[in-house]
Amino acid sequence: MTIYEHEVKALISAAGVPVPRGVVVRGTDFGAARDLAEPLVLKAFGAGLVHKSENQAVALGLRFSELEAVAAGMRARLEPAGFLVEEQAGPGVELIVGLVRDPAFGPVLLTGLGGVWTEALRDTALRLCPISEQDARRMLASLRGAALLDGWRGGPPVDVDAVVKLLMTVGGPGGLWERLELGEFELNPVIAGPSGVIAVDARHLPG
Ligand code: ADP
Ligand code: MG
């Protein structure tokens, strides 16, 4: 069974992880997205659609009035089960936050630099769950790209406390790692900005 992005987001959001406001549209009527704040992001979802951007199944920077046409284009190429329309988060440093269940060590929290450069950079830190707040801060400080958190392209520093809070929500005492129905999952990217973090992608990793 595939657990879709919006379903993972509903679970993590209920646990306190900030996610974009969004709606799921299964037909051709995008009226449910009318109340979302532009710019909007349109994402097709379906059983075969794991890496959405590689399949041109993600469109950023849309107006409400553009949704139908862009969705029609995706529907012509892909066979989506539906669409997730969500508000587009502001800029920030793209991080990855993941939970993996190692057969020998058990639940392990992963964080590092995320987004499109994840594989190229391989800049991540791992800790066994449950982590402490000090672990969370040390994980971030240990990244080769840690300096990005101090200020991004001359911009203001990232809200590191919000990143730490998110890491604790996933990997800390009583965190999401204890929720077996979530199995292994990856939030990539989490956009870390000057005033908060937001998980704009969430993927359940079928085990
Ligand atoms: P993929 O399945 O390719 O990982 P994502 O959902 O991560 O698809 O979307 C691809 C990229 O689009 C993300 O890495 C991020 O930069 C951007 N993105 C996706 N959703 C949002 C959003 N709600 N707000 C801002 N940027 C987003
Ligand atoms: Mg992603």
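**Exercise 1. Is threonine 111 buried or exposed, and what is its relative accessible area?** Then describe its surroundings.

*Solution.*
- This is a predicted model.
- Start with the area. Threonine 111 has a relative accessible area of 0%. Buried means under 20%. Threonine 111 is therefore buried.
- Place the residue. Threonine 111 belongs to strand S6.
- Look for a polar partner. A polar atom of the threonine 111 side chain lies 2.9 Å from the backbone oxygen of isoleucine 96.
- List the contacts, leaving aside neighbours within four places in sequence. They include Ile96, Val97, Met139, Leu140 and Leu167.
- Check a remote residue. Leucine 49 is 62 residues from threonine 111 in sequence, and their C-alpha atoms are 24 Å apart.

**Exercise 2. Work out the setting of threonine 169.**

*Solution.*
- Threonine 169 sits in helix H5, residues 160-171.
- Its relative accessible area is 18%. The limit for buried is under 20%, so threonine 169 counts as buried.
- A polar atom of the threonine 169 side chain is 2.8 Å from the backbone oxygen of lysine 165.
- Setting aside residues up to four places away in sequence, threonine 169 touches Ala15, Val17, Gly175 and Leu176.

**Exercise 3. Which protein atoms are donors to the magnesium ion (ligand 2)?** Place them in the chain.

*Solution.*
- The protein donors are Asn188 (O) and Asp201 (OD), at 2.1 to 2.2 Å from the ion.
- Asparagine 188 is in strand S8 (residues 184-193), while aspartate 201 is in the loop between strand S9 (196-199) and strand S10 (203-205). The two are 13 residues apart.
- Both asparagine 188 and aspartate 201 are buried.
- Asparagine 188 also takes part in a cis peptide bond with proline 189, with omega about 5°.

**Exercise 4. Which residues have the most contacts inside the largest nonpolar core?** Trace what supplies the core.

*Solution.*
- The largest nonpolar core has 36 residues, and Ile12 and Leu187 have the most contacts inside it.
- Several elements each supply at least two residues, including helix H1 (5-14), strand S5 (93-102) and helix H4 (133-141).
- H5 gives the most, with 6 residues.
- Another core lies apart from this one. That core has 18 residues, among them Val23, Ala57, Leu78 and Val85.
- Return to leucine 187. Beyond four places in sequence, its contacts include Ile12, Leu95, Val97 and Asp201.

**Exercise 5. Which residues of H4 are named as buried?** Decide how they are arranged.

*Solution.*
- Ala136, Met139 and Leu140 are buried in H4.
- Look down the axis of H4. Its buried residues fall within an arc of 95°, so they line one face of the helix.
- Find the packing partners. The buried residues of H4 pack against S6, strand S7 (124-128) and H5.

**Exercise 6. Pick out unusual backbone geometry.**

*Solution.*
- Recall the background. Most residues other than glycine have a negative phi, and most peptide bonds are trans.
- Check the peptide bonds. The bond from cysteine 129 to proline 130 is cis, with omega near 0°. Proline 130 lies in the loop between S7 and H4.
- Check phi. Glutamine 56 is not a glycine, yet its phi is positive, about 50°. Glutamine 56 is in the loop between strand S2 (40-45) and strand S3 (58-62).
- Arginine 122 also has a positive phi, about 45°. Its place is the loop between helix H3 (118-121) and S7.
- Arginine 122 has a relative accessible area of 64%. Exposed means over 50%, so arginine 122 is exposed.

Notes
Residues are numbered from 1 along each chain as its sequence is written. Chains are lettered from A and ligands numbered from 1 in the order in which they are written. This is a predicted model: local features need pLDDT of at least 70, side-chain atom pairs count only at pLDDT 80 or more; totals for chains, interfaces and linings use all residues. Side-chain values use heavy atoms; hydrogens and water are left out. Helices (H or I, at least four residues) and strands (E, at least two) are DSSP runs, numbered from the N terminus. Buried means under 20% relative accessible area, exposed over 50%, partly exposed in between (1.4 Å probe, protein chains only). A polar contact is a pair of N or O atoms within 3.5 Å; within protein, one must be able to donate a hydrogen and the other to accept it, and residues adjacent in sequence count only if both atoms are side-chain atoms. Contact means heavy atoms within 4.5 Å. Donors are N, O and S atoms within 2.8 Å of the metal (3.2 Å for Na, K and Ca); water is not among the atoms, so sites may look incomplete. A nonpolar core is a set of buried Ala, Val, Leu, Ile, Met, Phe, Trp, Tyr and Cys residues joined through side-chain atoms within 4.5 Å. The arc is that of the directions from the helix axis to the C-beta atoms.
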